Amino acid sequence: MSGYKYSDLIKLTTQYAHRMNYLSNRIFGEVARTTNSKSMKVVKMYSEEPVQKRDYVVNWYPRHVETHILMKNLRLYGLFRDEHEDFKEEMKRVRKLRGKIPPKKGEGKRSKK
C-alpha cells in the first residue's frame, strides 16, 4: 500500500515530490538530477566493473611466469627434463674445462700487477 502511495507521490510535480525524488536518487546511488545522454554514458561507464578487473581480461594470457617457476622447481627435484637448460649447463661446463670462463671479481689481469 505504501509503495503505491510513494510512486504516486513521485509522479506529482510539487516541489516536495521533486525534493523527495532527488533525495531518493542520492541515497540509492542513482543520477540525482536529469542529465543528457552524453552524461548518462559517463555515468554508465563508471558504474560498470573496471576493465582491468574483468575475469576474461585478467586471464587472457597464460600464466607464463608462474609456469616457468614451477618447471624450474620440478627440474631441481628431477621431475622435469629441460633439454635447453641441460645444454646451457653442459656448454658452461665445457667452457670451464677449456679455461674460457671469465675470472672472478678481483682475480683479473689488473689485480696481478
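**Briefing: an all-helical chain and its salt bridges**

With a relative accessible area of 37%, Glu48 is partly exposed. The model that contains this residue is predicted. Glu48 forms a salt bridge with Lys44, and the salt bridges of the structure number 8. The chain holds 6 helices and 0 strands, and its radius of gyration is 35 Å, whereas a compact globule of 113 residues would have one near 13 Å.

**Overall form**

- From the N terminus on, the order of the elements is α-α-α-α-α-α.
- The C-alpha trace spans about 95 × 45 × 25 Å along the principal axes of the chain.
- The domain assignment gives two stretches: domain 1 covers residues 1-34 and domain 2 covers residues 45-102.
- The centres of domain 1 and domain 2, taken over C-alpha atoms, are separated by 59 Å.

**Solvent exposure**

- Of the 113 residues in the chain, 4% are buried.
- The chain exposes about 11,500 Å², and 58% of that area is supplied by carbon and sulfur atoms.
- On the surface, Val51, Tyr56, Val57, Trp60 and Tyr61 form a nonpolar patch.
- Together, the residues of this patch have about 600 Å² of accessible area.
- Val51, one of the patch residues, is placed in the loop between helix H3 (37-47) and helix H4 (55-58).
- Val51 counts as partly exposed because its relative accessibility is 45%, and partly exposed residues lie between the cut-offs of 20% and 50%.

**Helix H5 and the residue after it**

- Helix H5 comprises 14 residues, 64-77.
- From its first C-alpha to its last, helix H5 reaches 20 Å, close to the 20 Å expected at 1.5 Å a residue.
- Gly78, just after H5, takes a positive phi of about 85 degrees.

**The salt bridge between Lys44 and Glu48**

- In the salt bridge of Lys44 with Glu48, the closest N and O atoms are 3.7 Å apart.
- Lys44 has a relative accessible area of 54% and is therefore exposed.
- Its partner Glu48, at 37%, is partly exposed.

**The salt bridge between Arg75 and Asp86, and its network**

- Arg75 forms a salt bridge with Asp86, and their closest N and O atoms are 2.7 Å apart.
- Because Arg75 lies in helix H5 and Asp86 in helix H6 (residues 83-98), this pair ties together parts that are 11 residues apart in sequence.
- Asp86 counts as partly exposed, at 22% relative accessibility.
- Arg75 and Asp86 also belong to a network of salt bridges that links them with Arg81 and Glu89.

**The salt bridge within helix H6**

- Glu85 and Lys88 form a salt bridge in which the closest N and O atoms are 3.1 Å apart.
- Both residues of the Glu85 and Lys88 pair lie in helix H6, with their positions 3 residues apart, about one turn of the helix.
- An α-helix has 3.6 residues a turn, so residues three or four places apart point the same way.
- Glu85 counts as partly exposed at 26% relative accessibility, and Lys88 counts as partly exposed at 40%.

Key:
Residues numbered from 1 in each chain as written. Predicted model: local features only at pLDDT ≥ 70, side-chain atom pairs only at ≥ 80, totals over all residues. Heavy atoms only, no water. Patch = residues over 30% accessible without salt bridge, like charges linked within 9 Å, V, L, I, M, F, W, Y side chains within 5 Å. Areas by Shrake-Rupley, 256 points an atom, 1.4 Å probe, with all protein chains shown as cover. Salt bridge = Lys/Arg side-chain N within 4 Å of Asp/Glu carboxyl O. Helix = DSSP H or I, 4+ residues; strand = E, 2+ residues; numbered from the N terminus. Buried < 20%, exposed > 50% of the residue type's maximum accessible area, 1.4 Å probe, protein only. Expected span 1.5 Å × (residues − 1). Domains from an automatic or database assignment. Rg over C-alpha atoms; globule rule 2.2 N^0.38 Å.
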